[in-house]
Every structure is written in C-alpha cells, then in structure tokens.
Amino acid sequence: LDYSTYYGSGQGQNIALDSAGSVYIVGQTVDSDFPITTGAFGETFNGNFDGFIVNFDDSFTRIYASFIGGNLSDCETEYDYKECNVAVNDDGEAYILGITNSDQFFFSGSSGESYQATKRNGSDLFLMKINASGSAVEYFTYLGGDGNELSFYPDIKLDENEKVYVTTQTCSSDYPTTGNAYSDNSFGCRD
C-alpha cells in the first residue's frame, strides 16, 4: 500500500490518473464543510447533493479540490450508483461526466460555447472540462432529451486527439444522436 487517506465526508465514485501520475477523484457529498481549496472553480456548496473533484499529484500532495454543483442534486440520484466519472488529458485537464437535476450550475471561468446550453427534462447528463489548476471551467454542456438520463455508471474516455466519448442510459425518445449513428431511434427506456 503506497498511500491511503480519509478525505471529507462523501462518496468517491471514480478515479483517473494522468500521464504524470496525478490522481483525480470524483464523487458526491452532502457536506458543506467538505475540504475545498481556495481558488477552485466551485468553492460553494449549493445544497442537496453536490459533486466534487479532488486532485493529488504523484507524491499525494493535494493540488485542488472543488465542488461540482448547481441548484439541485448533482452526481447523485435516488439509486445511489456511481453517477460521476472523470477522464484526464496529457495536460492534466479533467473531463467530468455526470448526472444532474440542476438547471443552473455555479462555477468560475468561462464555459465557452455549449452543445446543449440548457437542461431539458428530469435528469440530464453534464460534461465539463476543468483547467489543470482546477481554477476554471473551460467547457460545460448538458446532454439530454425529453426523458431522464439515468447515468448508472456513466463512462467517459478521451482518444489521442482529445475527442470525448461518453456512454450512459437514457429514457429520452429524442436523445441527441449524430447523423451517422448506428440507430437514431429509441427502443424504450434505458437505451
């Protein structure tokens, strides 16, 4: 065992490593006193369940810790599955995929142009890109349709060109698909 620690009150849901050996942990918490770093993109607990990200370097020194949240529950549903995931590029920028009921997210930084700027219905996915210092959100978008996106174990991967790939479950009949999709028809809830 090289390193083990307690860290705040919450549920760690997923973990990623970057090429330098830094560790990125995402999860959810109901603790307004969760240990967040000054200058993080999300310094304020917004109530209900908020997500979090914590980054340790390869010697297990904390680099940053931030809330991920909006006006309702984030990275949490009534089913208590792992509803947030993280992938990291070679520059140490974290991509977070999760489930949200929030129609407003609170963070510092510019989110740039979104694929889907507003939440559609029920629970939607969110995708965000965090800069390497954890001080700003570089990109934010919702992904969802007319039903709930369930996100029991959402997954996110980056390829060598930093294209983002995500997978989830949906109950939406109009979940966004691409023109070359294998199928653009829903076959029922939990596609």
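# Pockets and strands in a predicted model

Ten residues come first here: Thr5, Tyr7, Gly10, Gly12, Gln13, Asn14, Ile15, Ile25, Phe52 and Phe56 line the second largest pocket. A pocket, on a 1 Å grid over the protein atoms alone, is an open set of points where a 1.4 Å probe fits, with protein on both sides within 12 Å along at least five of seven lines; its lining residues have an atom within 4 Å of a point. Please keep in mind that this is a predicted model, in which local features need pLDDT of at least 70 and side-chain atom pairs count only at pLDDT 80 or more, while totals for chains, interfaces and linings use all residues. Residues are numbered from 1 along each chain as its sequence is written, and side-chain values use heavy atoms, with hydrogens and water left out.

**The second largest pocket**

- Its volume is about 190 Å³, where a volume is the space filled by probe spheres set on grid points that are joined across faces, edges and corners.
- Strands β1 (11-17) and β3 (50-56) each give at least two residues to this lining, and β1 has the largest share, with four residues.
- Strands here are DSSP runs of E with at least two residues, numbered from the N terminus.
- Sorted by class, the lining holds five nonpolar, five polar and no charged residues; nonpolar covers Ala, Val, Leu, Ile, Met, Phe, Trp, Tyr, Cys and Pro, charged covers Asp, Glu, Lys and Arg, and the others, Gly among them, count as polar.

**The largest pocket**

- The largest pocket has a volume of about 820 Å³.
- It is lined by 27 residues, of which Val166, Tyr175, Pro176, Thr177 and Thr178 are the closest to its centre.
- Two elements, β8 (137-143) and β10 (164-167), give two or more residues to that lining.
- The lining of the largest pocket is made up of 13 nonpolar, eleven polar and three charged residues.

**Strands β1, β2 and β3**

- β1 and β2 are antiparallel partners joined by six bridges; two strands are said to pair if DSSP finds at least two bridges between them.
- The two strands make a hairpin with five residues between them, and Gly21 in the turn has a positive phi of about 90°.
- On its way to β3, β2 again runs antiparallel, this time with seven bridges; one pairing puts Val26 opposite Ile53 in β3.
- Because six of the seven residues of β2 (residues 23-29) are buried, the strand is largely enclosed by the rest of the structure; buried means under 20% relative accessible area, exposed means over 50%, and partly exposed lies in between (1.4 Å probe, protein chains only).

**A closer look at Ile15**

- Ile15 belongs to strand β1 and stands opposite Ile25 in β2.
- Ile15 is exposed, at 57% relative accessible area.
- Apart from neighbours within four places in sequence, Ile15 is in contact with Val23, Tyr24, Ile25 and Val86; contact means heavy atoms within 4.5 Å.
- Ile15 and Ile53 are 38 residues apart along the chain, and their C-alpha atoms are separated by 9.5 Å.

**The β5-β6-β7-β8 sheet**

- Four strands in the order β5-β6-β7-β8 form an open sheet with antiparallel pairing.
- β5 (84-88) and β8 are the edge strands, each pairing on one side only.
- From one strand to the next, the twist averages 15°; axes are lines fitted to C-alpha atoms, and angles run from 0 to 180 degrees between N-to-C directions.
- Six bridges join β7 (residues 124-130) to β8 in the antiparallel sense, and Leu125 has Leu143 in β8 as its bridge partner.
- As background, strands of a sheet pair through backbone hydrogen bonds, either parallel or antiparallel.

**Loop residues to look at**

- Phe60 has a phi near 65°, a positive value in a residue other than glycine; this residue sits in the loop between β3 and β4 (62-68) and is partly exposed at 29% relative accessibility.
- Glu162, in the loop between β9 (155-158) and β10, also has a positive phi near 65° without being glycine, and Glu162 is partly exposed with a relative accessible area of 29%.
- Gly42 lies in the loop between β2 and β3 and is buried at 4% relative accessible area.
- Beyond neighbours within four places in sequence, Gly42 is in contact with Ile36, Ser66 and Phe67.
- The C-alpha atoms of Gly42 and Asn55 are 14 Å apart, with 13 residues along the chain from one to the other.
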